[in-house]
Structure formats: C-alpha cells, structure tokens
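Let's take a look at this one together. Have the sequence and the 3D view handy as you read.

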Amino acid sequence: MCTYSTRRLPLRGSGKGAQGWMAVTDATVYFDHPAHAPAEHTLNIDFLNPSLGPAARVAVELDRDSASLLADAIRELLAAG
Amino acid sequence: MADAMRAETVTLAGDGGDIIEAYFAQPLEAGPRPGMVVIHHMPGYDLQTKEIVRRFAAEGYFAICPNLYSREAPGADPDDAAAAARARGGVPDARLVGDVSGAAAFLRSQPLATGKVGVIGYCSGGRQAFLAACSLPLQAAVDCYGAFVVGTPPDGFPLKVGPLDRLIPQLGCPLLGLFGADDQHPSPEETAELAGLLEKNHKDFRFHTYAGAGHAFFATNRPSYRPEAAMDGWQRIFAFLAETLEG
C-alpha cells in the first residue's frame, strides 16, 4: 500500500551525510515505501538541512521491528539520562 | 517493426509555464504515433520509471515522464528529490495537472504525433493519472493501484492529497484499473466503491484485481513484484491502449 503517512518535526543536532558532518534542522518520519530496503514498507527517517539542498540528508529505512527497538532504546536511554 | 529508439532527458513547460525536466523516449521508425504520459511513483523519477518509459517507446508510442520534483530538487538524486518533496508536503494536485498538461502538449507537438495521448501512473501516480484524466483532454487512462481515489487519508497527514470522487463526473476517457487483492490502499473494498461510482456515472472503465498480489506488483526491483500479475497487466495495458489510442 501507499500509506502517505508522514510526520515532520524540527530538531537541533548534527548528522553525517554524503558530504560529511552538517547541522540537521528538520526530520521527516514516514511509514511508506523504501528506496533501498528489501521490504514493501519501512519506517523511514530523513534528517535534513533544507538550507543546504536536497542532498543534505541522512536517511535510514528500518523494518517495523527494528524501528520499534530503536524507539524503545531511545526512550530508555533518555529516561535514564 | 524496427526497434531502434532514442531516449533522453528533455525540458518542457509544466504548470504555470515552469520549465521542468522530463524523460522522453521515441521510436526512430517514422510513422504516426500516439503518446503516453508516465507518472512516476512517490519514490521518484527513478531508473525503474525510466525503464517503463522506454517500454512504451518499444511498443510504438511517444512516451514521456515529467519529473514531478523538478522544482523542489533540480538535478538531485531521485531519492533525495523524493525526500525533499515529501518534506514540503508532496506534489499539489493543481500543479500535477499542469505538469501532465505540459507533458501531453509536448507529445502532441511531435511532428508524427497522432494527437491521441494516454496517461498511466503507479502507486501515488495511479491516483494522479485518475486526477489528470478527470481534468484534461486525454484519450486513455491507466491507474495502477492508486490509493485515495476514494477514501480519506489518515489523520495528521501533511501531504497535499485528498479523495477525488467528486471529480468522477468529469472523467473524460476510458479508464483501466489494475489492482492487487492483498493491497490495503487501495483495498478491494475501495476499488469496488470506485467501480460503483463509475458505473453510476456511466463511465467506460475496466478494472482487474489480481489474486496473490498486493501493492506495487509491477515493481521489478521490489519484493512486491508478482511476475504473473505484472505480465498479464502489461498485456491488458497494451490491449487497452491499442483500442483507445490506435483505433
């Protein structure tokens, strides 16, 4: 299916993309078709810096279980920290 | 039939006269030819979509795929362009119609064009093919598993799409719909609802739903590929186009 399901959020941090380290200012999170992962749908996250152009992007495509594990790990670490 | 073709990136005037990129394939053998506008899926103007454009040229059509993300990400990799477009809310419907109109005009301007032009789209492009066929003078439309022709997108959904059922009375050409029985968007219930609305409006349409196939069964580079459904689907597409564009 083509879910279109998408969330956008502003954020502050850095990411390492094809051109090296850069500030990231936005993220797009969506459960939809991947570009590369061998699955029909994946949880995709684009960390972006639109001011640097479309290629200023750190992208991941995770299967559903992996995305859940990642989300749990982030919440646990933030709660403990 | 000679099989030589030329395929290349061109530019054309899209919505609002904006110059956008497109991929154009044409058979080299002389002869009057109808045209096909190919609408790429949401992951972008990619290698697989360009293969589809060349396939139509191999079957004797002038074929073109406008890069719907030309404005957001000129020259970017297809996946980066798709990400940039999604982050900005996707392709607005009105702009899509303008870009397809420009692509159809480009095909009709070819010296050997017959003037008949069809449109085909996959995934989000299936919905957009339906939108174009309700908005522009076209002679055939093929919707391959387009979601949200009927039905409402989920809450919190920032992309600029909505149901198109209000446009059904304006559908101006025959419609072929190819769907997977295991798809959830569009689900078999949604395609049945669309079929009912098309019947109610006395539209010329043919729908086929493949058992054992889900979304994107034409996509040869994805695990969703279903060779039997895809091969049968291609046969149905070319039979439909022979009837609607070559008659």
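Here is a quick tour, from the overall fold down to a pair of rings.

## Overall fold

Keep in mind that this is a predicted model. Chain B is built from six helices and eight strands. Walk along the sequence and you meet them in the order β-β-β-α-β-α-α-β-α-β-β-α-β-α. With a radius of gyration of 17 Å, close to the 18 Å that the globule rule gives for 247 residues, chain B is as compact as a globular protein of that length.

The C-alpha trace of chain B spans about 45 × 40 × 35 Å along its principal axes.

## Inside and outside

Of the 247 residues in chain B, 57% are buried. If you take the contacts with a separation of 6 or more, 70% of them come from residues 24 or more positions apart.

On the outside, chain B exposes about 9,600 Å², with 51% supplied by carbon and sulfur atoms. Chain B carries 20 positive and 29 negative charges, and the mean positions of the two sets are 4 Å apart.

## Aromatic rings

Over all chains there are 15 aromatic pairs. One of them joins F218(B) and W234(B) edge-to-face, at 5.7 Å centre to centre and 75° between the planes. F218(B) lies in the loop between β8 (205-210) and α6 (227-245), while W234(B) is in helix α6 of chain B, so the pair ties together parts that are 16 residues apart in sequence.

Are these two rings buried or exposed? F218(B) counts as buried at 8% relative accessibility, and W234(B) counts as buried at 9%. Both belong to one aromatic cluster, whose members include F56(B), Y61(B), Y122(B) and F238(B).

Note on methods: Residues numbered from 1 in each chain as written. Chains lettered and ligands numbered in written order. Predicted model: local features only at pLDDT ≥ 70, side-chain atom pairs only at ≥ 80, totals over all residues. Heavy atoms only, no water. Helix = DSSP H or I, 4+ residues; strand = E, 2+ residues; numbered from the N terminus. Rg over C-alpha atoms; globule rule 2.2 N^0.38 Å. Buried < 20%, exposed > 50% of the residue type's maximum accessible area, 1.4 Å probe, protein only. Contact = heavy atoms within 4.5 Å. Areas by Shrake-Rupley, 256 points an atom, 1.4 Å probe, with all protein chains shown as cover. Lys, Arg positive; Asp, Glu negative; His and termini not counted. Charge placed at Lys NZ, Arg CZ, Asp CG, Glu CD. Phe/Tyr/Trp six-rings, centres within 6.5 Å; stacked < 30°, edge-to-face > 60°.
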